[in-house]
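Visitor: Please take me through a few local features of this model, one question at a time.

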Amino acid sequence: MDIIQSKNLQCRTEAAKSFKGSARQQFRRGKRALRQRDKGEGNKAGLQSALLPPQAPYWRPVHGIPASHPKRLLEIGTSSPPDPTKDKVLRGAGGAHLQQSSDERRGSPWTGDKKTKSRKNSKHFTDVHGLPCIEKIVTSVEDIPEPISTNIIGIIPNWINGNFLRNGPGKFEMGNHSFNHWFDGMALLHQFKISNGEVTYRSRFLSSDSYKSNKEQNRIVMSEFGTVTMPDPCKNFFQRFVSRFELPKPTDNANVSFVTYKGDFYVSTETNIMHKVDPETLEATQKVDWSKFIAVNGATAHPHTEPDGTVYNMGNSYSSKGAYYNIIKVPPTKVAEEETLEGTTVLCSIPAEDKTKPSYYHSFAMSESYVVFIEQPIKMDLLKIATGKLTRKSISDGFSWNPKLNTILHLIHKLTGKVSSIKYLAKPISTFHQINAYEEDGFLIIDLCASDDGQAIANYNIQNLRKSGEALDEVYNTLCRVFPRRFVLPLTIDHCTPYNQNLIDLPNCTATAVRIGKNKVFCTHEDLHGEDLHKYGGLEFPQINYSKYNMHPYRYFYGCGFRHLVGDTLLKMDIQRKEMKVWECPSLYPSEPIFVPCPYATDEDDGIILSVIITPNKDKSTFLLVLDAKTFEELGRAVVPVNIPYGFHGTFSSTA
């Protein structure tokens with residue numbers, strides 16, 4: 001038996017190596033491999049019996065096809081012989097029995113739950129030890145579609161009336177298979193309805209095509225950012241093989257944020273699909289495809305809105321000439337009630353520096369006159385992504401960080417759509433969220449959260465988030481900290497502009513901008529924080545008093561401190577004094593802070609902060625926190641009697 005299994009392994013190795021070319025060529029190679037195997041063994045019947053025990057095929061029975069047929073050979077050659085002591089029998093379509101070996105459950109190339117190995121020899125940015133385990137923040141929960149009451153502790157101001165809406169992953173397994181990355185979890189929408197000092201809570205899984213298909217088939221059907229779709233066990237091998245040459249379909253699992261267009265609420269990710277949502281019931285009412293209105297392959301989940309309701313966004317497009325970054329403009333109002341994105345236009349298209357490896361971007365900045373796009377050295381290999389089904393690689397596998405490249409800041413004039421001929425360069429940085437941008441005295445000032453390393457995305461797989469002890473410390477220490485920074489861009493560069501000297505003459509500004517070429521200016525940043533921020537692990541999820549101070553000079557912003565893989569403190573930053581206020585409580589993990597202004601506010605920070613606080617070490621004790629934005633002291637909390645996973649982004653919709 002050992003000899004037979006050894007020869008069987010050699011046969012499978014030969015078959016695996018021949019997975020090239022067309023399906024017809026593959027079948028011919030399979031026939032040759034079969035003939036070679038049979039000649040070498042001499043006992044064909046005995047070998048077939050060892051390879052394929054009665055009623056126990058590796059994956060599924062292919063009725064009516066003899067074991068000597070190459071189609072059968074190639075199918076059974078994709079996994080190890082089943083171990084009857086370890087295999088789990090699944091029920092497939094039509095009552096057929098499917099075999100899923102323990103190797104497949106652990107992470108066969110055919111499954112969506114492969115193990116993700118930590119990067120070897122990773123650079124360490126910190127030396128933190130003893131981090132508490134937070135695995136429960138990525139534990140699947142059930143949705144609560146009907147509103148439930150909360151327990152109010154303290155005071156919820158009576159003037160706050162509206163819906164605090166949150167979005168994020170809420171289901172991390174489908175059947176016996178798990179998603180690999182935090183970004184992959186099925187979208188769970190949350191609503192905290194605040195009225196007259198009381199709060200109710202409800203949640204609902206987004207009824208996306210991805211969610212419905214996964215739930216119906218009880219497995220991962222559609223690929224996500226870090227998870228490759230599993231093959232359909234109801235298809236024969238040939239169908240599964242051919243399907244690997246199909247281009248991946250974009251997911252509609254919109255689990256990143258809530259956004260508004262023309263007064264309607266949508267949930268969005270970064271593909272071309274959004275879902276219109278009723279903010280009162282959280283029910284999805286319509287699927288909307290950007291590509292039906294403009295030639296883009298997706299759009300960010302962080303648009304910017306003008307005071308009149310006009311919305312700007314960004315999205316990529318791909319053609320035979322390469323990749324382009326597109327500035328999108330959506331009109332403020334509807335002509336007809338049933339409208340969605342009608343009237344949307346592409347303001348301009350910017351060719352990528354590397355046509356086949358465009359930069360990844362999560363958001364962008366906007367001032368009164370300009371859109372600011374940051375082309376950072378996080379690259380997307382389009383060939384790897386397009387061939388992901390064939391190579392069994394996820395979209396995340398196509399991402400890479402190239403620290404040899406500079407960061408490029410592009411300015412686009414909103415009125416004309418003209419891209420500035422000046423390229424503003426900076427050292428390689430990684431940025432996910434911008435804070436604010438505005439124009440002052442001939443300069444464009446852009447504030448953002450940035451780090452000096454762009455490999456953080458890979459560390460946020462679910463396996464890492466569920467680690468404990470030294471393994472968890474190792475993950476955190478290989479993450480570069482993110483800090484708030486300011487870049488100052490001179491708007492007028494002409495033949496009179498001098499070279500090789502700092503062009504910034506703003507008072508108390510330590511940022512620099514030096515002309516190094518006819519159309520090139522190299523910029524260095526100013527830190528928007530003091531040394532004390534290092535104690536809190538940097539800052540992410542920045543928010544401001546958006547309705548009054550976006551695109552204008554401002555003083556305060558709010559965010560989460562990151563002494564863990566997720567936020568563990570709330571921070572208020574004063575950029576004039578470079579001072580900070582902190583809200584913290586051991587073993588509690590706050591979400592992105594949302595600022596809500598008082599009805600008759602006179603100061604920039606007259607208002608409250610809303611944040612959902614996750615309690616992974618306590619059962620059913622998550623709560624909505626309300627802080628006084630000026631003093632940063634707690635006013636009250638609404639305790640929710642259910643568990644809520646850590647989410648991404650949210651918004652407040654006033655009903656007053």
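Guide: Note that the model is predicted.

Visitor: In what order do the strands of the open sheet of four strands lie?

Guide: The pairing in this open sheet is antiparallel. Two strands, β24 (430-440) and β29 (526-527), are edge strands, each pairing on one side only. The order is β24-β25-β26-β29.

Visitor: How many bridges join β24 to β25?

Guide: β25 covers residues 443-451 and runs antiparallel to β24. Between β24 and β25 the number of bridges is nine.

Visitor: Which residue in β25 stands opposite S430?

Guide: The edge strand β24 spans 430-440, and its partner β25 spans residues 443-451. The residue in β25 that stands opposite S430 is S451.

Visitor: Is N196 buried or exposed?

Guide: N196 lies in the loop between β8 (186-195) and β9 (198-205). N196 is not a glycine, yet its phi is positive, at about 50°. Exposed means over 50% relative accessible area. N196 has 57% relative accessibility, so N196 counts as exposed.

Visitor: Where is S587, the residue that is not a glycine but has a positive phi?

Guide: The phi of S587 is about 70°. The location of S587 is the loop between β33 (579-584) and β34 (589-590).

Visitor: What does S587 count as in terms of relative accessibility?

Guide: Buried means under 20% and exposed over 50%, with partly exposed in between. The relative accessibility of S587 is 39%, so S587 counts as partly exposed.

Terms used:
Residues numbered from 1 in each chain as written. Predicted model: local features only at pLDDT ≥ 70, side-chain atom pairs only at ≥ 80, totals over all residues. Heavy atoms only, no water. Pairing = 2+ DSSP bridges. Buried < 20%, exposed > 50% of the residue type's maximum accessible area, 1.4 Å probe, protein only.
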